[in-house]
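Hi,

Here is the structure I said I would pass on. Have a look at it first, and then read on for what turned up.

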Amino acid sequence: MTSTSLTPQSAIRQQTAVSRFSAEYRTDTPFVADPRPRLSWITATDSTDWQQTQAELRLTRGGTAESRVHCGTESVLVEWPFKAIAAGEQVEVEVRITGNDGDTTDWSEPLTLVGGFVDGRWQATAISLPVPAGKQAPLGRPGQLRNEFTVGDGLAKATLFATAHGVYQAEINGTEVDDQVLKPGWTAYADRLNHETTDVTALLTPGANAIGVWLAGGWFTEKYGFHGFAKPFYGEQPSVKVELHLEYADGTRETVTSSPTWRATTAGPLVSSGIYAGESFDARRAEAGWSQPGFDDAHWHPAAVDAGKWAAATPAIAPPVRRIEELPVVEVLTTPSGATVLDFGQNLVGRLRIRVSGAAGHIITLRHAEVLEDGELSLRPLRQAAATDTYTLAGDGEEEWEPSFTFHGFRYAQVDNWPGALNPAAIAAVVIHNDMRRTGWFACSDPLLNRLHENALWGMRGNFLALPTDCPQRDERLGWTGDIQVFSPTASYLYDTLGFLGSWLEDLALEQGHRNGVVPIIVPSVLGMLESPVAAWGDAATVVPWVLFERFGDTGLLRRQYASMRDWADALLKVRNSSGLWQGQMQLGDWLDPAAPPDKPGAARTHGDIVASAYLFRSLDLVAKAAAILGSDADHAKYAVLAEDTRQAFLAEYVTPSGRIVSDAQTAYSLALMFGISTDPSQRRAMGGRLAELARLGGYRIATGFVGTPLIADALTATGHLDAAERLLTQTECPSWLYPVTHGATTIWERWDSILEDGSVNPGEMTSFNHYALGAIADWMHRTVAGLAPAAPGYRKVRIAPRPLASLQHASTSHETPYGLARVAWKRAGDRVLVEATVPPGHRRRGLASGRLRRVRSGLGPAPLGRARHGVRRGNRRCFTAHPARGHHGRPAGLCRGVAGHRSPGSGGRGGIPQRHRLVSADDPGPEPDLHPALRQEGHRRRAGCPQ
């Protein structure tokens, strides 16, 4: 956010510079997965009228520079204009921008890029841990491998490539090679592996060197399944591939590869490890110097060769899993049974780090749970997951330990057999998840809503670990497609998910390819159940790529996933019946409708056929839209006709002339309204009215499940019932979004009543306290309550459309769009609503600054707004004052909506930061306050008017 003094613009020189320059998709490493990475940059400027007219890109390769000019305003995911980067090749790229003022910025800081992929086939042999003859090794037995090698003089660069069937960490000369954990993550192992690419030059010295690898089973050797039928799916023992590429100043190259000559042991300190079970570590068995040269490994054994089939390994495009933060103990509890339990005050995903001193052989046990019941750890919801770590002390002074190859979902940890008095400062909770860049923030005057938003955020953090999972604590933790299908808009606002979800979508397409276009309900697919199409779950194939296109503007990803989208649509066409609808097949439906019995979570008020047929239309419609974007006219015409036929069939089958739906339930109306199945204005009004009536008859308590919950607030808002949406949002009785908040929730629950009114844990078998799906309401809070949304793919245009809720005094949201920071904040001041909006450079605004505001509904009834008037304009910020007319209850009504977007040179118009802006109907769908870091630096200032 920038600001200037009131000095006339003509009297000062505006400061413009490139503030961010990156290559897809990762920004944490110079290594790129694509030899032609697309480039993005953000320009910071004080000017209110500035826009990019061209960019000059300069590449330095081998001491030779070359330039290319990119004409126009685009600055996001710009195609690589140079020769492709070769494997291992290092180049530097810079950019400078010319604006419509004729000035050109300085060159950006050089962006170093290195081809992070292996040239040709891997030379490494897959190796695993030895199994003594005649013995059966425990499933997923962990261990260590090592090898020594010689480095000559004049080493210029050393690059480590590694991947695994399992999880690993590598050390060179006694030092871990990076700060990543649980490498290489979880993919559809049979079809695709990720590999890490790491610059280890600084860890090597001329002469003798050593590499060591910790290896455990992780997801590869885990047992999957329910009700006592869990079994290994991929394999029973882990294995690893390692290549170390050495490049010397004289041009010579050497490669050190994993092979049977490496030495291995399973007698080390890592005794056992499992994702669900936890980890056991006996520090007495640790051998000092094992990953350093000169270590005597005569008592170790030759590594075993894994002769199984390995999929091709490609560089990871998702940011890796890392230790993100540590949380201290908030309270030490003594349970009724006398156990010591630590409360960290937040349901999180990670593990404990302990510092302890004691006698050799003393065993400490750490158990984890999300909640307490009757004062003790509630372990029943974990089902078969032991979630237990043990540490056996070496007895040589203060020791520090953290599990390496497991994770737990917990707020509470029981510590058994701690030697002496427990100092809570000796234990910390280490939060881990994929290290995505935070991009979205929200705050308002209601602390319960702030906590709800924070719960959605923490739910996402806990379940974006290697892949988007349903829950992080019990014997499941799987990539359920339905959950991310409904949550992807929220996720893509809170964090930059493009690389993370883009990677997962590759696995979805690969799994789909084995099933004639049918998408499994879990990706990667490890259960072998429900192999037929399932509505709302399989539709992740069409919905998630479209959401990523909408939020990031990535046409390349849409193109890559288009075949998957189309194949899913074609698979659905094969199961249509003669009426043109998807009927009569097994569905999960509106999963976990509050009316469903605990043992029948799919028994919802909205019939499964209505959900399925609505999603049939939704997917056909999205394929048609994607085809149009990608220039496939034939496919666009084909699927548009199919979608329209489905829409008409739905209306004929399920909707009466008066606008009633045969499943007279809130999810049914929400689907018809928000998917665009109902387009007739009078019919939409009737449906919206009935939806609002059902909400009122239900006491404004939630009556929707996984499918309807993300849609209902938008459906009510779009049909003029913002007041009903507000009452649903702010309800605190069960079932509601705020019921868990009032019962101490710090993440989103799987069930509305995971904790019952009497404080006991829901007896249902599925009772997770960290399930992000129902937190999808946060997207409506961003777009509607605060009023910031994309009006064009990737926020190429920004829609500013706050709808102040009657119960709130202020609300704000900020989002790091691909083009820069956008922010909307509104505040009540008497009978006025003051709005402050910030849009990225290269945008301009008109909608909120002038013009007659449209009639809208407030939380207490409809009322027309008066005119908005211009505020003082400062840099990229403008404040607006809306003078609302009085409604039927004498309260201010909602606010208008504006759209800010990029403007092509010569498009005319004037305004702040150059954009196209328009007024649109306000009825279009569209703990501590969580603030953008830049706003925290401003001291959390809240302005009642324009800055002075």
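**What turned up**

Strand β2 and strand β7 (residues 111-115) run parallel to each other, paired over two bridges. Keep in mind as you browse that this is a predicted model. If you want one of the contacts to click on, V32 has G115 in β7 as its bridge partner.

That pair belongs to an open sheet of five strands, ordered β2-β7-β6-β4-β5, with mixed pairing. At the edges are β2 (31-32) and β5 (64-71); each has a single partner strand, so one side of each has no neighbour in the sheet.

Next, the empty space inside. The largest cavity comes out at about 320 Å³. Its lining takes in 23 residues, and S22, S40, R437, D496 and P818 are the ones nearest the centre. Which elements give two or more residues to that lining? They are β1 (16-23), β3 (39-45), α3 (498-513), α4 (540-552) and β40 (810-817). As for the chemistry of the lining, nine residues are nonpolar, seven are polar and seven are charged.

One last spot to visit is G744, which you'll find in the loop between α12 (738-742) and α13 (777-786). Is G744 buried, exposed or partly exposed? Its relative accessibility is 42%, so G744 counts as partly exposed, since that class runs between 20% and 50%. Try selecting G345 along with G744: they sit 399 residues apart along the chain, and their C-alpha atoms are separated by 9.5 Å.

Have fun with it, and write back with any questions.

Cheers

Conventions
Residues are numbered from 1 along each chain as its sequence is written. This is a predicted model: local features need pLDDT of at least 70, side-chain atom pairs count only at pLDDT 80 or more; totals for chains, interfaces and linings use all residues. Side-chain values use heavy atoms; hydrogens and water are left out. Two strands pair if DSSP finds at least two bridges between them. Helices (H or I, at least four residues) and strands (E, at least two) are DSSP runs, numbered from the N terminus. On a 1 Å grid over the protein atoms alone, a cavity is a set of points where a 1.4 Å probe fits but cannot get out, and a pocket is an open set with protein on both sides within 12 Å along at least five of seven lines; lining residues have an atom within 4 Å of a point. Grid points are joined across faces, edges and corners, and a volume is the space filled by probe spheres set on the points. Ala, Val, Leu, Ile, Met, Phe, Trp, Tyr, Cys and Pro count as nonpolar, Asp, Glu, Lys and Arg as charged, and the others, Gly among them, as polar. Buried means under 20% relative accessible area, exposed over 50%, partly exposed in between (1.4 Å probe, protein chains only).
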